[in-house]
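This report describes one strand, its pairing partners and the surroundings of one of its residues. The sequence and the structure are shown first.

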Amino acid sequence: MEDSEKKAPSVIDRYFTRWYRTDLKGKVCEDHCILQHSNRICVITLAESHPILQNGRKIKNINYQISDGCSRLNNKVSGKSKRGGQFLTEFSPLCRITCTDEQEYTIFSCIRGRLLEVNEAILNKPDLLLEKPSTEGYVAVILPKFEESKSITEGLLTREQYEEVLMKRNQQEEPC
C-alpha cells in the first residue's frame with residue numbers, strides 16, 4: 001500500500017490513549033478499555049475481548065441503577081470544575097448489562113474520578129455498545145482529579161501489554 005492510500009487515524013486513535021484493565025474483580029475476560037484524552041478526560045468502554053462483544057451476543061437490558069439509593073442517571077455536574085458529579089473509585093460499578101442469554105455483567109469505572117456523564121443513548125439503542133464500543137457505544141465519561149491524572153494509569157495495561165494477555169489466553173486450552 002502506498003503512503004497516499006494509507007487510511008488516516010481515527011479520532012480515537014489520534015487524540016486518545018488506550019489503556020486496559022483485564023479480568024476485573026477476578027472475572028476472567030471481563031476486560032475494560034479506558035480511552036484517556038490529552039485533557040485527562042477518560043471514556044470507559046468495553047475492551048474488544050469482553051464477553052458481551054463475543055459470539056454474537058445480544059443485549060437485553062442496560063441498567064445504571066446501582067443500588068436502591070444510587071442511580072448513575074441522577075448524576076448532575078455543573079460549572080468549570082464539574083461540581084456535583086458522583087465520585088468514583090476504580091471498583092465503583094457504572095452499570096449492569098444483561099444479555100439475552102441472561103448473563104449479567106457489571107461494568108466498573110476502572111479509575112478514580114468524578115463521573116461527568118453516562119451514555120444514555122445506549123439505553124435506547126443497546127446495539128451501539130456492540131457495534132461501536134469505542135465511539136457512540138461508550139459507557140461513561142470520568143474526570144480524574146488533576147493531581148491524580150498522571151498516576152491513574154498505574155495498574156492499567158498499554159495496548160501492547162493487553163495484546164500479550166490476549167495471546168496468552170488464546171494459547172490456553174480454554175480461552176474466553
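## Pairing with β3

In this predicted model, strands β2 and β3, the latter spanning residues 42–46, pair in the antiparallel sense over five bridges. Within this pairing, L35 has V43 of β3 as its bridge partner.

The hairpin formed by β2 and β3 has four residues between the strands, and R40 takes a positive phi near 80° there.

## Pairing with β1

Strand β2 also pairs with β1, which covers residues 16–21; the sense is antiparallel and there are six bridges. For R21, the bridge partner in β2 is H32.

## Enclosure of β2

Strand β2 comprises residues 32–37, and five of these six residues are buried, so the strand is largely enclosed by the rest of the structure.

## Surroundings of H37

Is H37, a residue of strand β2, buried or partly exposed? Its relative accessible area is 22%, and H37 is therefore partly exposed, since buried requires a value under 20%.

H37 and F16 are 21 residues apart in sequence, yet their C-alpha atoms are 4.5 Å apart in space. When neighbours within four places in sequence are left aside, H37 is in contact with Y15 and F16. In addition, the side chain of H37 makes a polar contact with the side chain of S38, at 3.4 Å.

Methods: Residues numbered from 1 in each chain as written. Predicted model: local features only at pLDDT ≥ 70, side-chain atom pairs only at ≥ 80, totals over all residues. Heavy atoms only, no water. Buried < 20%, exposed > 50% of the residue type's maximum accessible area, 1.4 Å probe, protein only. Helix = DSSP H or I, 4+ residues; strand = E, 2+ residues; numbered from the N terminus. Pairing = 2+ DSSP bridges. Contact = heavy atoms within 4.5 Å. Polar contact = N/O pair within 3.5 Å; in protein donor to acceptor, adjacent residues only side chain to side chain.
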